[in-house]
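Me: I have this one open on my screen. Can we go through it, helices, chain shapes and contacts?

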Amino acid sequence: MATAGEIALAAVKRDIRNRWLLSVPALVIIALAAIGPLFVMLLYSFMVKGDYGDVKFGQFSFDGWFNVFFTRDIFDDTLTFADAHLSILWRSISLSLITTVTTLFFGFPTAYFIATRPQHQRDTWLFVVTIPFWTNILIRTFAMQEVLRNEGIINSALRAMHIIDSPIQIMFTNWAVLFGMVYVYLPLMVLPLYASMEKIDFRLVEAGYDLYATRLQVLRRIIIPLVKPGIIAGSILVFIPSLGAYVTPRVLGGGKSMMLGNLIELQFGQGRDWPLGAALSITLMVVVTLALLVYVRNASRGGGGHG
Amino acid sequence: MAKSFSVRSQPGFVFVALLCFFLLYLPIATLVFYAFNAGVSVAVWEGFSLRWFQSAMNNSEVQEATLRSVFIAVTAAFLSTIAATMAALATTRTPDYPGLTFKYAFINQPLMVPEIVTAVALLIVFSRIKVWTGYSGIGYLLAAHTAFCIPFAYLPIRARLENMDLTLERAAADLYATPWNTFKRVTLPLLWPGILAGFMLAFVISLDDVVITEFVKSGGQETLPTYMLGQLRRVVTPEINAISTVFLAISILFVTIFFFLNRKKV
């Protein structure tokens, strides 16, 4: 005879089993076409590269990883740091950091502006920021190209004002990639900033002014600490895709201003060094995961500290 | 003070904000403007014309790429929405159970990895499968798109479910409705706006994808975005502007519908 308790327990077990069955399609699809391939790629990074791309399946070596950081001279076998790779890695990290800071500089006032509009106007302003965000990244990059080209808006305007005689070359420089990334990722900064600014209790700001604080002091001592979670979230949301950017540097930077994403692509195209490409991809993923971990740690601490 | 003092304002903020809105739309506006150019240049205005829209419409490569894009997006959105709906039903409105956190992490994983990394990993695996099976059809693109669309479809469906309590379902069960009938007559109609929003989000995400498609596609499987990426290497004519403009209009339409679907509360 089953007791009431046992019947209830059986019902809970059945419920959990059903919930696993329901999750199977999503879990299987993601395992096969997203997570699983990452492990295969890890395996490939330890294989011998094939002569015309691909790998010699089943033959293992550390060359892929070795080549991420070092080059071996063909003539005398001396080792040197792989300057090309390291400079591209450095460019990826520094451009992503500058992009993050720039989007914060422009995004902060923009989010603040939206958050201080009357309630009924806010949705509209948010919608205005969201539309470029949902526009295909390729279209936005292409639009940026029209601004930066030698015959583009910037150069035409400067020439019309007789500030310059011959166009300034912006395309295919680090500047073009930077402008493009700031443009493409700005909404990713504004949205989380707005989410935390919306919740600001302006009585605190008022209290600050009552105590003779200047506007700058109010901004620095009251507003910025209150929206810190939004600043961190926005920075992470901008930094991570910038680091893995592929389309923007490819179109605006070309071969002259490559980033990590383009270097990875190169190994699967002309470079024909799949193990190196796999190792570079894993390096990128590790850096991104570290950035995410920093965010998670900060977010949980910030949540506890400020209540 | 002569002027009324506003505690909310900060010096220069309004200026920077308005500048930002202007700069966000200036490039897009230019792009759209030159789509209507009568001349062949994307920088010199020669009068209004719709010729580039016509030439894009008559371009057989564009037609094929568009059809393929839409086919992939509809299929991937359909499959991922079904999988995501089931997964959302399995992970909401329940006390914590073993494996729940694991499922969240697993389903959201495609959002955590840079697209280029997933793209390269898929290239590696699919090219190996191509060698083994000899199959090089559109199935690879469908599989890849379905996988990365799942977390996007999952988001609005889960949000909708979390706002629905179990009262109505319990009432149905009390009235001797079978679990299937309860789902069909109570849960599904209530959940429908979330499912629709999830489908549309997945559709837009799939339609927009450049990076993963670029690496996974076999020869002759251009989608509209990869076709455009290829064109950007050559001399650009306003035809690309015209395609972009139509693309843009469709995206805006979808975002607007999504915006209104999501705003209505239960």
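Me: Is H6(B) buried or exposed overall?

Reply: This is a predicted model. In it, 18 of the 24 residues of H6(B) are buried, so the helix is largely enclosed by the rest of the structure.

Me: What span should the 24 residues of that helix have, and how far apart are its end C-alpha atoms?

Reply: H6(B) covers residues 139–162. At 1.5 Å a residue the expected span is 34 Å, and the end C-alpha atoms are 34 Å apart, which agrees.

Me: Where is the kink in H6(B)?

Reply: At Cys149(B), with an angle of about 35 degrees. The proline Pro151(B) follows shortly after that point.

Me: Next helix along, H7(B). How many of its eight residues are buried?

Reply: Zero. H7(B), residues 167–174, lies largely in the open because none of its eight residues is buried. Just after H7(B) comes Tyr176(B), which takes a positive phi of about 65 degrees.

Me: I also want to check Arg93(B). What is its phi?

Reply: About 50 degrees, so to speak on the positive side, although Arg93(B) is not a glycine. Arg93(B) sits in the loop between H3 (60–91) and H4 (100–112) of chain B.

Me: How does Arg93(B) count for burial, and why?

Reply: Arg93(B) counts as partly exposed, because it has 13 C-beta neighbours inside 10 Å. The partly exposed class lies between 12 or fewer neighbours for exposed and 20 or more for buried.

Me: And Phe172(A), what about its phi?

Reply: Phi of Phe172(A) is near 65 degrees, a positive value in a residue other than glycine. Phe172(A) is in the loop that runs between H6 (153–160) and H7 (174–197) of chain A. With 16 C-beta neighbours inside 10 Å, Phe172(A) counts as partly exposed.

Me: Zooming out. How many helices and strands are there in chain B?

Reply: Chain B has 11 helices and zero strands. Along the sequence the pattern is α-α-α-α-α-α-α-α-α-α-α.

Me: What does the radius of gyration say about chain B?

Reply: The radius of gyration of chain B is 24 Å, well over the 18 Å that the globule rule gives for 266 residues, so chain B is more spread out than a compact globule. Its C-alpha atoms fill a box of roughly 80 × 70 × 30 Å along the principal axes. Buried residues make up 41% of the 266 residues of chain B.

Me: What share of the chain B contacts comes from residues 24 or more positions apart?

Reply: 78% of the contacts in chain B with a separation of 6 or more.

Me: Now chain A. How many helices and strands?

Reply: There are 13 helices and four strands in chain A. Chain A has a radius of gyration of 26 Å, well over the 19 Å from the globule rule for 307 residues, so it is more spread out than a compact globule. The box filled by the C-alpha atoms of chain A is roughly 95 × 75 × 35 Å. Of the 307 residues of chain A, 42% count as buried. Residues 24 or more positions apart give 68% of the chain A contacts with a separation of 6 or more.

Me: Which domains is chain A divided into?

Reply: Domain 1 (4–80) and domain 2 (82–306). Their C-alpha centres lie 30 Å apart. The contact between them takes 18 residues from domain 1 of chain A and 13 residues from domain 2 of chain A.

Me: Which element gives the most on the domain 1 side?

Reply: H2(A), with six residues. By class, that side of domain 1 of chain A has 10 nonpolar, five polar and three charged residues.

Me: And between the chains, how many residues are in contact?

Reply: 68 residues of chain A are in contact with 66 residues of chain B. H1(A) gives the most to the chain A side, with 18 residues. The chain A side has 51 nonpolar, 11 polar and six charged residues.

Me: Last one, Phe60(A). Where is it found?

Reply: In strand S2 (residues 55–60) of chain A. Phe60(A) counts as exposed, because it has 12 C-beta neighbours inside 10 Å. Leaving out residues up to four places away in sequence, Phe60(A) touches Phe46(A) and Met47(A).

Methods. Residues are numbered from 1 along each chain as its sequence is written. Chains are lettered from A and ligands numbered from 1 in the order in which they are written. This is a predicted model: local features need pLDDT of at least 70, side-chain atom pairs count only at pLDDT 80 or more; totals for chains, interfaces and linings use all residues. Domain bounds come from an automatic or database domain assignment. Two residues are in contact if their C-beta atoms, placed from the backbone, lie within 7 Å. Helices (H or I, at least four residues) and strands (E, at least two) are DSSP runs, numbered from the N terminus. Ala, Val, Leu, Ile, Met, Phe, Trp, Tyr, Cys and Pro count as nonpolar, Asp, Glu, Lys and Arg as charged, and the others, Gly among them, as polar. The expected span of a helix is 1.5 Å times one less than its number of residues. The bend at a residue is the angle between axes fitted to the seven residues ending there and the seven starting there. The radius of gyration is taken over C-alpha atoms; the globule rule is 2.2 Å times the number of residues to the power 0.38.
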